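Here are a few exercises to work through with the model open in your viewer. Try each task before you read its solution.

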Amino acid sequence: MTEQAATEPAPRRRSFLMLLPLVVFLGLAALFWSRLGNGDPSSIPSALIGRPAPATLLPPLPELARDGTPVPGLDPAALKGKVSIVNVWASWCVPCHDEAPLLVELGRDKRFQIIGINYKDGADNARRFLGRYGNPYDVVGVDGNGRAGIEWGVYGVPETFVVGREGTIVYKLVGPITAQNIDAVLKPEIEKALKAGS
């Protein structure tokens, strides 16, 4: 009997050890699932919020004009003194096509400027894109190699930043501007920035 008693706990321990990886996996899966379901995926935190916008000098998009005047490239000095909406876009970006009409509508408000960073795009394609939808940008800087995107902390295009009058990033929208988030999120953030500097 003593030999039998000594061997009984071993199968229980083995079955517990076999179930342990499954229990750990299910626990981790539940944790990830709960985190994915919480919050707005477009509100990914940015380490740049509250910090000065990157001092990135970008050349203009060649041969791009607005109202007969050449559109300048991005000079970091343009980000001070006026609230700026900085939109990172490309002609090859499908969501950029969807948000373009909303940016044109937003560009009618002259209390702020809209700055475009054209990300890893061909000049002809970018000009065609703006010719098709309209040019909402007061400034268009060309980021041909993606370096400015890294400095701005861009996850992917499109992304939009609100920069206050003092040149500090106050908000970041990851993903396209949509009919839902333009009124519910972006315009209120712009209004906050406008009031903060007045």
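**Exercise 1. Find which atoms' separation defines the salt bridge of Glu159 and Lys172, and say whether the two residues are buried or exposed.**

Step 1: the side chains of Glu159 and Lys172 meet at 3.3 Å, N to O, and a salt bridge here is a side-chain nitrogen of Lys or Arg within 4 Å of a carboxyl oxygen of Asp or Glu.
Step 2: the pair ties together distant parts of the chain, with Glu159 in strand β6 and Lys172 in strand β7, 13 residues apart. Strands (E, at least two residues) and helices (H or I, at least four) are DSSP runs, numbered from the N terminus.
Step 3: both Glu159 and Lys172 are buried. Buried means under 20% relative accessible area, exposed over 50%, and partly exposed in between (1.4 Å probe, protein chains only).

A word on the ground rules: this is a predicted model, where local features need pLDDT of at least 70, side-chain atom pairs count only at pLDDT 80 or more, and totals for chains, interfaces and linings use all residues. Residues are numbered from 1 along each chain as its sequence is written, and side-chain values use heavy atoms, with hydrogens and water left out.

**Exercise 2. Go through other salt bridges: which residues pair up with Asp124 and Asp109?**

Step 1: the structure holds nine salt bridges.
Step 2: Asp124 pairs with Arg127 at 2.3 Å, N to O. Both sit in helix α4, three residues apart, about one turn of the helix. Asp124 is partly exposed, at 44% relative accessible area.
Step 3: Asp109 pairs with Arg111, and their closest N and O atoms are 2.8 Å apart. Asp109 is partly exposed at 23%, and Arg111 is partly exposed at 40%.
Step 4: Glu105, Asp183 and Lys187 are linked in a salt-bridge network.

**Exercise 3. Work out which residues touch the most other members of the largest nonpolar core.**

Step 1: a nonpolar core is a set of buried Ala, Val, Leu, Ile, Met, Phe, Trp, Tyr and Cys residues joined through side-chain atoms within 4.5 Å.
Step 2: the largest one has 48 residues, and those touching the most other members are Val86, Trp89, Leu106, Phe112, Trp152, Val162 and Ile190.
Step 3: the elements giving two or more residues to this core include β3 (84-89), α3 (94-106), β4 (113-119) and α6 (179-196).
Step 4: zoom in on Ile190, which touches Ile85, Leu106, Phe112 and Val162, leaving aside residues up to four places away in sequence. Contact means heavy atoms within 4.5 Å.

**Exercise 4. Place Lys82 and list what it touches.**

Step 1: Lys82 is in the loop between β2 (69-70) and β3.
Step 2: Lys82 is partly exposed, with a relative accessible area of 34%.
Step 3: setting aside residues up to four places away in sequence, Lys82 touches Lys110, Arg111, Phe112, Gln113, Val163, Gly164 and Arg165.
Step 4: for a C-alpha check, Lys82 and Gly167 are 85 residues apart along the chain, yet separated by 8.3 Å.

**Exercise 5. Track down backbone oddities: where is the cis peptide bond, and which residues other than glycine have positive phi?**

Step 1: the bond from Val157 to Pro158 is cis, with omega near -5°. Pro158 lies in the loop between α5 (147-151) and β6.
Step 2: Asp67 has phi near 55°. Asp67 belongs to the loop between β1 (65-66) and β2, and is exposed at 79% relative accessible area.
Step 3: Lys120 has a positive phi of about 45°. Lys120 sits in the loop between β4 and α4 and is partly exposed at 42%.

**Exercise 6. Judge the confidence: what is the mean pLDDT, and over which residues is it below 50?**

Step 1: pLDDT is the predictor's confidence in each residue, from 0 to 100.
Step 2: the mean is 87, and 83% of residues reach 70 or more.
Step 3: over residues 38-43 the pLDDT is below 50, and beyond near neighbours in sequence this stretch has three contacts in the model.
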